[in-house]
Amino acid sequence: MKKVTAIVAGGAGFIGSHLCLRLLELGRRVIAIDNLSTGNIDNLNQIQWNPNFELVISDIVNPINITMPVQEIYNMACPASPLKYQSNPIETFRTSTIGSYNLLEFARHHNSRILLASTSEVYGDSLKSPQTEDYFGNVNPIGIRSCYDEGKRGAESLFADYNRCYGVDTRIVRIFNTYGPRMMSDDGRVIPSFINQALHGEPLTINGDGSQTRAFMFIDDLIDALMLMMRDGVTHMPVNLGNPTEITINSLASIIIDATGSKSWTSYRPMPSDDPRKRCPDISRARSELCGWSPRVSLSEGLENTINYFRKLHYDTVH
């Protein structure tokens, strides 16, 4: 049987590197494309010498220059933390829109199945909770987060139109808060920020009063879902992927302080502009489309795994 070849755009990133590893374990040939603007080549240490793996250092805002047949494309490319995407908003928007266009053109001409890693941020500061895929969201189109929010909404529009106009075999997933090893310690997202502050004995900084909620999914559960999304017969409509169990940021801070054995405390700062108050997925469509999939890794188990990863990084840095 001929080996399936997969492109992972953003393959050196947090999610992309875990995805590359899983695809290799399943016997795929994997081509990772990454410009390393927020990806980390160290994330690929485990697989960089695998004969079925290739890293192409390039930017998907440029046409895709790969000549071999490709059966699967995973578009994971785009900074995902507010700190990173707001530092270069125009390039963030270009990555989501022009990058998606280039990958879709490649998929159209090579008859590839293609998946878009969209985001729960397409719902904006949601007026509905939990969020269902038929909710059109409450997004500020000119706010400081719009480069990411509207960029992903534009990418979804392109994916839907390429399916309608050209019959491209598209998949769209809206990924809710996901965490785990290989996240950047300085990317501003809440779990790595809290863990690193706790390990350093610093105050855990909370935006607003900490009553806002999030729902956290461990990386292994997301990768399981992505594999199921690329099976035959799955919907072309958007599918929420996340953990439907909400937790306040105050509660998360307390859990991480306890789990790390830290003497840290909490401090508060003003809520950033357009920061959502509630973020929780309705995953009914995912359960229906993906053979009953739902997250299996508990928050305590996932945090233990993630804390151990950052504790080792902290130890290696000190020594």
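These are my notes on one helix pair and two buried residues in a predicted model.

**Ground rules.** I worked with a predicted model, where local features need pLDDT of at least 70, side-chain atom pairs count only at pLDDT 80 or more, and totals for chains, interfaces and linings use all residues. Residues are numbered from 1 along each chain as its sequence is written, and side-chain values use heavy atoms, with hydrogens and water left out.

**Helices α1 and α6.** I looked up α1 (residues 14-25) and α6 (residues 219-229); helices here are DSSP runs of H or I, at least four residues, numbered from the N terminus. Their axes (lines fitted to C-alpha atoms over the stretch in contact) come within 10 Å and cross at roughly 60 degrees. I therefore noted the pair as oblique, the class left after roughly parallel (under 35 degrees), roughly antiparallel (over 145) and roughly perpendicular (65 to 115). On the α1 side, Phe14, Ile15, His18, Leu19, Arg22 and Leu23 make the contact (heavy atoms within 4.5 Å). From α6 I listed Ile219, Asp220, Leu222, Ile223, Asp224, Leu226 and Met227.

**Serine 17.** Next I checked serine 17, which sits in α1. At 1% relative accessibility it counts as buried (under 20% relative accessible area, 1.4 Å probe, protein chains only). I found a polar atom of its side chain 2.8 Å from the backbone oxygen of glycine 13. Leaving aside residues up to four places away in sequence, serine 17 touches Gly11, Asn43, Leu44 and Arg182.

**Tyrosine 162.** My last stop was tyrosine 162 in helix α4 (residues 146-166). Tyrosine 162 is buried too, at 6%. Leucine 104 is 58 residues from tyrosine 162 in sequence, yet 7.2 Å away in space, C-alpha to C-alpha.

Notes. Axes are lines fitted to C-alpha atoms, for helices over the stretch in contact, and angles run from 0 to 180 degrees between N-to-C directions. Helices (H or I, at least four residues) and strands (E, at least two) are DSSP runs, numbered from the N terminus. Buried means under 20% relative accessible area, exposed over 50%, partly exposed in between (1.4 Å probe, protein chains only). A polar contact is a pair of N or O atoms within 3.5 Å; within protein, one must be able to donate a hydrogen and the other to accept it, and residues adjacent in sequence count only if both atoms are side-chain atoms.
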